[in-house]
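Here's a set of exercises to help you find your way around a protein you haven't met before. Keep the viewer open and try each task before you read the solution.

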Amino acid sequence: YIEDRRKENKRVETMRYNWKALEPTFGHLQPADLETVVIVQGEKRTKCHEYALKREHQGIARDTISTELNRLRTACNWASKGERMIKKAPFVWVPPPGKARDIVLDEDEFFAIFHELRMPHIRLTVILVIGTSARKTAVRELKWPSVDFERRTVDYRRQTKRSILDSSSEKGRAVVDMNDWVYEALREAYEWRRSDYVIEYRGRSAGDVKKAVQRAVKRAGLGGRRIGLHTLRHTLATWAA
């Protein structure tokens, strides 16, 4: 399933993380085994119920568990279409998602986190997200030809033409203005550039900075909240409103 999604130019990194969590429980089973009755907390349930409870006891968020089991359900449905691999998709129970997160940082909280960011490329990532409301993937893929210092704009739109075989969904991207902070940060980074990528590490495109941001959140004393780069998009929208 993941390989087929990759051929369609889908982003499979998250899918691989989901399977890494699912494989120890489900990797040795047949699809029909997902409907086998097991006893969970004294009730007749399925392996999916058992998995969800185990993950919850491990401290995994409800939304993450729901995403993982939804991925399993989708893969089984994919395998049954046209009888690619199985004749009938099994029932895959998925827990309902948790309450929607509504986390917005105030200025003191934001700068407490920002001052705990240790690496220049991570600081620049955060500046671009909070300053332009771009998604982290758009920031990570940004290249210098898309940065216009004369017009003071950043063009997050993809520059390559999509193949007719590319069935991936594409989030809307825009050309956005630079505020003074973004402008100065990009000017400084441009002077030290070693690649075409704006967000670079050791002369090449940097990877996901999620864990680095999480460590900064913890050092800032805000570790009890699920704060990430996407939180900054909500924060900027709230500040702007």
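The exercises below work through a predicted model, beginning with the whole chain and ending with single residues.

**Exercise 1. Get an overall feel for the protein: how many helices and strands are there, and what share of the residues is buried?**

Step 1. Start with the secondary structure: there are 10 helices and seven strands.

Step 2. Now the dimensions. The C-alpha trace spans about 65 × 45 × 35 Å along its principal axes.

Step 3. Of the 241 residues, 39% are buried. The accessible surface adds up to about 15,600 Å², and carbon and sulfur atoms own 49% of that.

Step 4. Look at who touches whom. Among contacts with a separation of 6 or more, 64% link residues that are 24 or more positions apart.

Step 5. Finish with the charges: there are 48 positive and 33 negative ones, and their mean positions lie 5 Å apart.

**Exercise 2. Find the largest nonpolar core. Which elements give two or more residues to it?**

Step 1. Pick out the residues with the most contacts inside this core, which has 42 residues: they are Leu128, Tyr156, Leu186 and Val198.

Step 2. Trace the elements that supply two or more residues. These are helices H5 (107-114), H6 (120-132), H7 (136-141), H8 (180-191), H9 (210-219) and H10 (229-240). H6 gives the most, with seven residues.

Step 3. Zoom in on Leu128. Setting aside neighbours within four places in sequence, Leu128 has contacts that include Tyr156, Leu186 and Val198. Ser133, Ala134, Val139, Leu142, Val182 and Ile199 are also among its partners.

Step 4. Don't stop there: a second, separate core has 14 residues, including Leu29, Tyr51, Ala52 and Ile65.

**Exercise 3. Take a closer look at helix H3. Against which elements do its buried residues pack?**

Step 1. List the buried residues of H3 (residues 47-57): Lys47, Cys48, His49, Tyr51, Ala52 and Arg55. You've already met Tyr51 and Ala52, as both belong to the second core.

Step 2. See what these buried residues pack against: helix H2 (13-26), strand S1 (38-40), strand S2 (43-45) and helix H4 (62-80).

Step 3. Check what comes after the helix. H3 is followed by Gly59, with a positive phi near 90 degrees.

Step 4. Gln58 sits in the loop between H3 and H4. With a relative accessibility of 48%, Gln58 counts as partly exposed, because that class runs from 20% to 50%.

Step 5. Use Gln58 as a measuring post. From its C-alpha to that of Trp144 is 42 Å, and the two are 86 residues apart in sequence.

**Exercise 4. Work out the sheet made by S3, S4 and S5. Why is one side of S3 and of S5 left without a neighbour in the sheet?**

Step 1. Read off the order. The three strands make an open sheet, S3-S4-S5, with antiparallel pairing.

Step 2. Find the edges: S3 (147-148) and S5 (175-177) each have a single partner strand, so each has one side with no neighbour in the sheet.

Step 3. Check one pairing in detail. S3 and S4 (residues 153-155) are joined over two bridges, and Asp148 stands opposite Thr153 in S4.

Step 4. Step back to Ser146, in the loop between H7 and S3. Its relative accessibility is 12%, so Ser146 counts as buried. Leaving out neighbours within four places in sequence, Ser146 is in contact with Thr153, Val154, Asp155 and Gln159.

**Exercise 5. Compare Arg152 and Arg202. Where does each one lie?**

Step 1. Place them. Arg152 is in the loop between S3 and S4, while Arg202 is in the loop between S6 (200-201) and S7 (204-205).

Step 2. Look at the backbone. Arg152 has a positive phi near 60 degrees, and Arg202 has a positive phi of about 55 degrees; neither is a glycine.

Step 3. Sort them by exposure. Arg152, at 27% relative accessible area, is partly exposed, whereas Arg202, at 61%, counts as exposed.

Key: Residues numbered from 1 in each chain as written. Predicted model: local features only at pLDDT ≥ 70, side-chain atom pairs only at ≥ 80, totals over all residues. Heavy atoms only, no water. Core = buried A, V, L, I, M, F, W, Y, C linked by side-chain atoms within 4.5 Å. Buried < 20%, exposed > 50% of the residue type's maximum accessible area, 1.4 Å probe, protein only. Helix = DSSP H or I, 4+ residues; strand = E, 2+ residues; numbered from the N terminus. Contact = heavy atoms within 4.5 Å. Areas by Shrake-Rupley, 256 points an atom, 1.4 Å probe, with all protein chains shown as cover. Lys, Arg positive; Asp, Glu negative; His and termini not counted. Charge placed at Lys NZ, Arg CZ, Asp CG, Glu CD. Pairing = 2+ DSSP bridges.
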